[in-house]
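Please find my notes on the model below, set out as numbered points. They start with one charged pair and then move through the other topics in turn.

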Amino acid sequence: MAKMEVKTSLLDNMIGVGDMVLLEPLSEDSFINNLKKRFDHSEIYTYIGSVVVSINPYRPLPIYSPEKVEEYRNRNFYELSPHIFSLSDEAYRSLRDQDKDQCILITGESGAGKTEASKLVMSYVAAVCGKGAEVNQVKEQLLQSNPVLEAFGNAKTVRNDNSSRFGKYMDIEFDFKGDPLGGVISNYLLEKSRVVKQPRGERNFHIFYQILSGASEDMLNKLKLERDFSRYNYLSLDSARVNGVDDAVNFRTVRNAMQIVGFMDHETQSILEVVAAVLKLGNIEFKPESRVNGLDESKIKDKNELKEICELTGIDQSVLERAFSFRTVEAKQEKVSTTLNVAQAYYARDALAKNLYSRLFSWLVTRINESIKAQTKVRKKVMGVLDIYGFEIFEDNSFEQFIINYCNEKLQQIFIELTLKEEQEEYIREDIEWTHIEYFNNAIICDLIENNQTGILAMLDEECLRPGTVTDDTFLEKLNQVCATHQHFESRMSKCSRFLNDTSLPHSCFRIQHYAGKVMYQVEGFVDKNNDLLYRDLSQAMWKANHSLIKALFPEGNPAKINLKRPPTAGSQFKASVATLMKNLQTKNPNYIRCIKPNDKKAAHIFNEALVCHQVRYLGLLENVRVRRAGYAFRQPYELCLERYKMLCKQTWPHWRGPARAGVEVLFNELEIPEEEYSFGRSKIFIRNPRTLFKLEDLRKQRLEDLATLIQKMYRGWKCRTHFLLMKRSQIVIASWCRRYAQQKKYQRIKSSAIVVQSYIRGWKARKLLRELKHQKRCKEAATTIAAYWHGTQVRREYRKFFRANAGRKIYEFTLQKIMQKYFLEMKNKMPSLSPVDKNWPARPYLFLDSTHKELKRIFHLWRCKKYRDQFTDQQKLIYEEKLEASELFKDKKALYPASVGQPFHGAYLEISKNPKYKKLKDAVEEKIIIAEVVNKINRANGKCASRIFLLTKNNVLLADQKSGHIKSEVPLGDVTKVSMSSQNDGFFAVHLKEGSGAAGKGDFLFSSDHLIEMATKLYRTTLSQTKQKLNIEISDEFLVQFKQDKVCVKFIQGNQKNGNIPTCKRKNNRLLEVAVP
Ligand SMILES: Nc1ncnc2c1ncn2[C@@H]1O[C@H](COP(=O)(O)OP(=O)(O)O)[C@@H](O)[C@H]1O
Ligand SMILES: [Mg+2]
């Protein structure tokens, strides 16, 4: 979106009047009052047309910020409130866009803010012109030249803590794009007398204090200086320090600036050496020494200082010493050497110091110019900034004030010329009739001063060059003769007797009526200062110095270039430079900044009317306004004028479609502005009187208020209406919702009532129907029942004759019989096998036969078992008895048992009778052998196994060697008390013997056999049949055995068994024997 440009004008928010041209009525009082009013509101800038009047605020104001720069950038001069930026912008833009060289002339008395203003202009231009590394460097160099020049050329005065003691004109050069290229600085008339003497309360040039405060010890030693200010005669002591100024910091700033500007280190060093030498010169003192001819000759009191100066500057000490004592005058090929008295010596010393310093300063300017010089040869546009002393009117005015005021007179001249010329040109451009205006032209005063024959300066030169005794009085006499008749020259002694009785004018003075006021000059010192004499011996001594800078400062000391002609006087030099300056300025478009000092105290907020009035007078500001108002006070392009006032006329408001000029014509006719009050130019309307403008402004203000009211009215109306409409719409919405809600509620209520009524009716109807149906159904049922009974009765009545009374019981029995018959027949067919172990049994067909069926099954089983048993022979019976016995003894007690069930009990596994090996054994046993089997006997001591033949007869248990059949032990069955074994799946067993029996000598036997169950059973049965006692069989995994005297615990543990069922035994100790079983 395009930015809406806000059209503002100087006339907006005006405090007093922003442009003095519009001041009504115009008088000195109203002028001062307007300035005061604005000053009190921190408006320090006021225009006189395009001239900016600036009042020093003596305090930082927030009006120079980058934002302000942006605000004023590219705006029209009268668009915003008066500001120095506006003037700078105008100047810069017409330089850049219209190719007009500019000069900015800043005038005002000391402390009025000229230097600050010049810096503001430069910084504004620097801020708005092109950017880029190279451009920035140029800008920086231009800006940094200021601190350098200020250090050497500024001093604290009673008026200004940072007063420039030289005039400065700086040309800033730009290329066609408006980028800065470089600059040239010209300096005018440094106040060199300050080097050797300062008025009370003032200081010497800043640089002296800066060196002493800011230089390092090392540097001070090199410069042969001491830090203490009081050591130096040239530094007045009463104001060595300035409030708010840190000389040491400033010294660093200056050195930094010098570096940026481009001073080499050795150059800086040389400069500081010269400054040191000047300072030390002041400490050289002289004493009178009587000479033969009766005259006093001066001698240096203490040569130490002189020695140091010479060391510092490379001057031959004797040469310099001589130059302070003698003076050589050359006249007509004759050299006459005269001695100097003490006063002359001091004069010479001070002259040397002043010359050294002022020449150094000029050299500095030249050197800076070398650095900031534009590097290209292309055509340049130039903006000159002139910061020069304004009119000075003191109690005692001397040569310097005369020169300065002359300069201002010239500036006024050029101002009049240029302003009027510009005014005239504008009138011609705009095709307005030019009426002659009365104003004071100060050309006549300039002539009084600078006329080549009769001018005061010319006369002063003449007097200085004249042979014979020349004094200030002879000069005044001459003036009295030549200028007596001049209107602007006043003197008591002039031929013209006008001032004979004017006691305010002393005899040794003359007075000039400058355009800005009368100034009285003391004639004393004019000749001397104009001569500006430096003894040739001194300049020659300087030229001989072994110091390139000093040598360069005194070229006239070179004997080869000896020039008997006197150097140009100060006055003529100045006249020449002013002439050059004027020529320069005349080629440029001037912009004026007139600085005014509001008070003498350097204080903020104080506006001393008398002081300001004085300045307004001598700056000729009222003249300024008059000249500006000569024809028409105010002018404005038609477009802007129409834009600003179009609301005052119905035809032009709110839009004028035709050309702007016609619009303005219509507007002015409508407003009935008298015709003599304005003129139509080509592009601008010219208003003769500010009154008219103010009338327009008042009308506009009034109209704006009306318009504001109108806008307010419309807006309020619109706002209320919108609000009302909104409320109305809202009301409708709310109402509709309310109604809807109410209707919904009502509907729901009706609906639910309807449903209730409906449901009642339906319920009633349904119940009625149900009752009816139920009644019908009951009727039907009743009918059926009645019919059934009826039929029953009928049938029974018919069939009664066929019924028997006990037929039912018979049928029942018959049926039962039939069922039983069928059951048994089916049983017969389904009969299971006769094997006693066959578990099959047919399913039960009827529930009521359950117990019968179970009983039949039991009987059948018993019967077939009997059948089975009946088949056995006696032998088989015996075997089964034995098996039965085994079952009783071991079933569910010993894990080995189930495996033994299927094995037949052979008993005599070893057929002893058939094996001839055992014939002897056979013979030894007469009884019947029940068991003959090989067992493993476990050694009681170590648990190892040994095979033995185990024989059981009716009465004994025998153990025999397996190989030889030799009987090893014989135990009668009566001595066997117990057999112990584990519950596991092993064949290990112990045979316990009765204590004290014959066989029990070694203790109980431990065996392992594959037929443990059979052997134990047979042992049990045999013992029972022989002794009628039941053998105790203990089944336990831990039991005790008796070995000789020891009771040993046999403990069974689970172990990995490799050799089948045979357990491995281990005698752990005499109490424990472990048997590992599978
Ligand atoms: N625009 C300003 N804003 C703030 N202070 C200012 C302004 N102009 C001048 N001053 C103050 O006044 C003092 C003197 O100003 P200066 O420019 O050195 O005067 P001049 O050059 O006219 O002798 C400055 O040191 C500064 O303190
Ligand atoms: Mg200054």
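**Notes on the predicted model**

1. Asp175 has a relative accessible area of 8% and is therefore buried. This is a predicted model. The partner of Asp175 is Lys177, and the closest N and O atoms of this salt bridge are 3.1 Å apart. Lys177, with a relative accessible area of 45%, is partly exposed. The pair thus joins a buried acid to a partly exposed base.

2. How many salt bridges does the structure hold? The count is 64. One of them is formed by the side chains of Lys597 and Glu109, with an N to O distance of 3.5 Å. Lys597 sits in the loop between β16 (589-596) and α22 (609-619), and Glu109 in the loop between β3 (102-107) and α4 (114-128), so this pair ties together parts that are 488 residues apart in sequence. Both Lys597 and Glu109 are buried.

3. A further salt bridge links Glu556 to Arg359, with 2.9 Å between the closest N and O atoms. Glu556 belongs to the loop between α20 (548-553) and α21 (570-586), while Arg359 is in helix α13, so parts 197 residues apart in sequence are tied together by the pair. Glu556 counts as partly exposed because its relative accessibility is 36%. Arg359 is also partly exposed, at 21% relative accessibility; the cut-off for buried is under 20%.

4. Salt bridges also join into a network, whose members are Glu226, Arg231, Lys280, Glu305 and Glu308. As general background, side chains of opposite charge can pair when their charged atoms come close.

5. Which residues are closest to ligand 1? They are Asn56, Gly111, Lys114, Thr115 and Glu116, out of 15 residues that surround the ligand. By class, this shell has seven polar, four nonpolar and four charged residues.

6. Polar contacts to ligand 1 involve both side-chain and backbone atoms. An N or O atom in the side chain of Asn56 is 2.7 Å from an oxygen atom of ligand 1. From the backbone, an N or O atom of Gly111 is 2.6 Å from a ligand 1 oxygen, and a polar backbone atom of Glu116 is 2.8 Å from an oxygen atom of ligand 1. Of the 550 Å² of accessible area that ligand 1 has on its own, the protein covers 83%.

7. Two helices deserve a joint comment. Helix α23 (residues 621-629) is mostly covered, with seven of its nine residues buried. The buried residues of α23 include Asn624, Arg628 and Arg629, along with Leu621, Leu622, Val625 and Val627. Helix α16 (residues 456-465) is likewise mostly covered, with eight of its 10 residues buried. Among the buried residues of α16 are Asp461 and Glu463, together with Ile456, Leu457 and Met459.

8. On the surface, Val795, Tyr799, Phe802 and Phe803 make a nonpolar patch of about 470 Å². Val795 is part of helix α26 (residues 690-799). With 43% relative accessibility, Val795 counts as partly exposed.

9. Two C-alpha separations give a sense of scale. Asn341 and Ser753 are 412 residues apart along the chain, and their C-alpha atoms are separated by 142 Å. Asn341 is in the loop between β11 (334-339) and α13 (342-372) and counts as partly exposed at 31% relative accessibility. The C-alpha atoms of Glu297 and Asp265 are separated by 42 Å, with their positions 32 residues apart along the chain. Glu297 lies in strand β9 (residues 296-300) and is buried, at a relative accessible area of 5%.

10. Where are the cis peptide bonds to check? One runs from Glu24 to Pro25, with omega near -10°; Pro25 is in the segment before α1 (28-40). Another runs from Trp653 to Pro654, with omega near 0°; Pro654 is in the loop between α24 (638-645) and α25 (660-671).

11. Backbone phi is positive at Lys224, about 55°, although this residue is not a glycine. Lys224 is in the loop between α8 (217-222) and α9 (247-261) and is partly exposed, with a relative accessible area of 27%. Lys1028, again not a glycine, has a positive phi near 60°. Lys1028 is placed in the loop between α32 (1012-1027) and β27 (1032-1035), and its relative accessible area of 68% makes Lys1028 exposed.

How values were computed
Residues are numbered from 1 along each chain as its sequence is written. Chains are lettered from A and ligands numbered from 1 in the order in which they are written. This is a predicted model: local features need pLDDT of at least 70, side-chain atom pairs count only at pLDDT 80 or more; totals for chains, interfaces and linings use all residues. Side-chain values use heavy atoms; hydrogens and water are left out. A residue is near a molecule or strand if one of its heavy atoms lies within 4 Å of it. A polar contact is a pair of N or O atoms within 3.5 Å; within protein, one must be able to donate a hydrogen and the other to accept it, and residues adjacent in sequence count only if both atoms are side-chain atoms. Accessible areas come from the Shrake-Rupley method with a 1.4 Å probe; for residues, only the protein chains shown count as cover. Ala, Val, Leu, Ile, Met, Phe, Trp, Tyr, Cys and Pro count as nonpolar, Asp, Glu, Lys and Arg as charged, and the others, Gly among them, as polar. Patches are made of residues with over 30% relative accessible area and no salt bridge: like charges are joined within 9 Å, nonpolar side chains (Val, Leu, Ile, Met, Phe, Trp, Tyr) within 5 Å. A salt bridge is a side-chain nitrogen of Lys or Arg within 4 Å of a carboxyl oxygen of Asp or Glu. Helices (H or I, at least four residues) and strands (E, at least two) are DSSP runs, numbered from the N terminus. Buried means under 20% relative accessible area, exposed over 50%, partly exposed in between (1.4 Å probe, protein chains only).
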